[in-house]
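Hi,

Here is the structure I promised to pass on. My notes follow below it.

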2 protein chains.
Amino acid sequence: MPVTDHVAPLTLEMVREAHARIRPYVNHTPVLTSETLDARSGASLFFKCENFQNVGAFKARGATNAVLALSDDEAARGVVTHSSGNHAAALARAAGIRGVPAHIVMPSNAPRVKIEAVRRYGGQVTLCEPTLEAREAAAAGIVAETGAAFVHPYDDPRVMAGQGTAALELLGEVPDLDVILCPVGGGGLLSGVATVARALSPAIRVVGIEPAEADDAARSFRAGRVIPLGPTTTIADGLRTSLSERTFAHIRRLVDDIRTVGEDAIVHAMRTQWEVLKIVVEPSGAVSYAPFVDDPRWLAGSRVGLIVSGGNIDLDALPWSIA
Amino acid sequence: MPVTDHVAPLTLEMVREAHARIRPYVNHTPVLTSETLDARSGASLFFKCENFQNVGAFKARGATNAVLALSDDEAARGVVTHSSGNHAAALARAAGIRGVPAHIVMPSNAPRVKIEAVRRYGGQVTLCEPTLEAREAAAAGIVAETGAAFVHPYDDPRVMAGQGTAALELLGEVPDLDVILCPVGGGGLLSGVATVARALSPAIRVVGIEPAEADDAARSFRAGRVIPLGPTTTIADGLRTSLSERTFAHIRRLVDDIRTVGEDAIVHAMRTQWEVLKIVVEPSGAVSYAPFVDDPRWLAGSRVGLIVSGGNIDLDALPWSIA
């Protein structure tokens, strides 16, 4: 029996509790529709805009739930994570809401703008060598010294439950979806979304979408075991992470398929969302729409929810102006 | 007694009727907030996102109301306008909804992408020399030949009433605003918004915002008579129009102030809205936020509604990549 079967499953109830907990502190993001994109696809598309979430990505949901779920004693000792991405800013913000310290370990080569974002939210930044070993060692040192609670960006049921609240809101507004499309990187968002969708609407299809250049979830799904991600330079920088045993266990059980998309399709999808939906989406956030680029009518006749996961991108380095 | 006092005023009832009429055919656009921009301004900012409106701008509201308000006999003869902007696409789309012809006179040097947008919505494009005289003559010729109804982009009570529905939705969601900031070009949107705001919430301040490079509304407001706009190259291309006697009469009576903003502030405001709100806004749409660039706390302590009027912009020619 594989180790994944031993993981205690996330439940709809845990996601509902997360929602009640974080609701006052995160945005209820809008769902956008477009007659132009509906006509092109022959489907009804509902875009859940987590690019409008606090800190510009769904990560605010999971981090806020994790911090608010701590006991007062635990919280008083602070929280810690290592991340150069949206989770770092989200955790700093959540700790600020709770009034406790956030220790964020970041690689010394992280973009200055990301380091500043964490500091703006009140996070205490510890810079380290840009290796996973150095990051883990620095975080472990902070835990040993302060007793702070480590909050992983996705391998944590509180975080996964928080991310699932996006689907709770989406299905609350549009209950009769046939399909939900969701980007998959570490699998925290997809696990939470699939848990909610499967519980609320057993007939719904849940499909994870990931870059072909970072297809560990697709390969793991077919192999029936976690296959870690090798080196990748996919433009979808938020999806350059491997599944954990915990997220894989949920994905294997609850998700219908994982579909991969090429780099050109990701950039094209992103540009279409900017032009037609008038939203600023980052490459990772555009991945859920990317299958429509090469196969516009693949879900014709269906009602489709798409998770637009984030919108943090450097406006001076847009992929179409570089190319 | 100036001619403006003879104009029959727009009423809240007319805007309500317009809303009932157009509701099934236009988007109820979301209102976005941002804790980052609230912290920067010391105010509570509510962005009414008409960039998410059909055809990418509030113009869909007025054009749809004008077309749907025609009698069956009038409608059967079609509609006509001359425009190279968002009103042209909006009128073509509205005529398509009614199933009647739309004749759109466009200057021969209009961007191909705009001509194609009108055609995609089913509009019949007549190209003419790029002068106002040629445009008016071509439109008059079509009216004489077909009996089509001319629908002006702003100097028309049905159009003004339609544009006012944006404020009806905004104040429906956020009733207790202290101030509404609204871009002003021809004055159709500002007239409609001010009519609604003044009727629903007598204490509210309504402030029109326009480019200093196209300050005919500010000068007209101070002079007490319409002063036409001279040549201008403001980046806010949607606001390169003069008030009409009709819109001026409403603005004079209902608006508290007209404030002007510089070109740099418009570009800066636009970029901030892209970066922080994650929305694609065109320069004309960013004008309502532009006063905050040089004077961040000018409305500190207030609850402020801002009309984000549109999002149609060429992603290959962004002002910050050109500069």
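Which residue stands opposite L181(B) in strand 10 of chain B? It's L306(B). Some housekeeping: this is a predicted model, where local features need pLDDT of at least 70, side-chain atom pairs count only at pLDDT 80 or more, and totals for chains, interfaces and linings use all residues. Residues are numbered from 1 along each chain as its sequence is written, and chains are lettered from A and ligands numbered from 1 in the order in which they are written.

Back to strand 10 of chain B, residues 303-308 (strands are DSSP E runs of at least two residues, helices H or I runs of at least four, numbered from the N terminus). Strand 7 (residues 179-183) of chain B runs parallel to strand 10, joined by three bridges (pairing takes at least two DSSP bridges). Strand 2 (residues 44-49) is also parallel to strand 10, with six bridges, and there L45(B) stands opposite V304(B). Five of the six residues of strand 10 are buried, so the rest of the structure largely encloses it (buried means 20 or more other C-beta atoms, placed from the backbone, within 10 Å of a residue's own).

Now the two chains. A turn of 180 degrees and a shift of 0.0 Å along the axis lay chain B on chain A with an RMSD of 0.0 Å (least squares on C-alpha atoms with pLDDT of at least 70 in both). The copies are thus related as by a two-fold rotation axis. I279(B) is the residue of chain B that comes closest to that axis, at 2.3 Å (C-alpha).

At the interface, 17 residues of chain B contact 17 of chain A (C-beta atoms, placed from the backbone, within 7 Å). Helix 12 of chain B gives the largest share of its side, three residues.

Cheers

Key. Buried ≥ 20, exposed ≤ 12 C-beta atoms within 10 Å, placed from the backbone. Contact = placed C-beta atoms within 7 Å.
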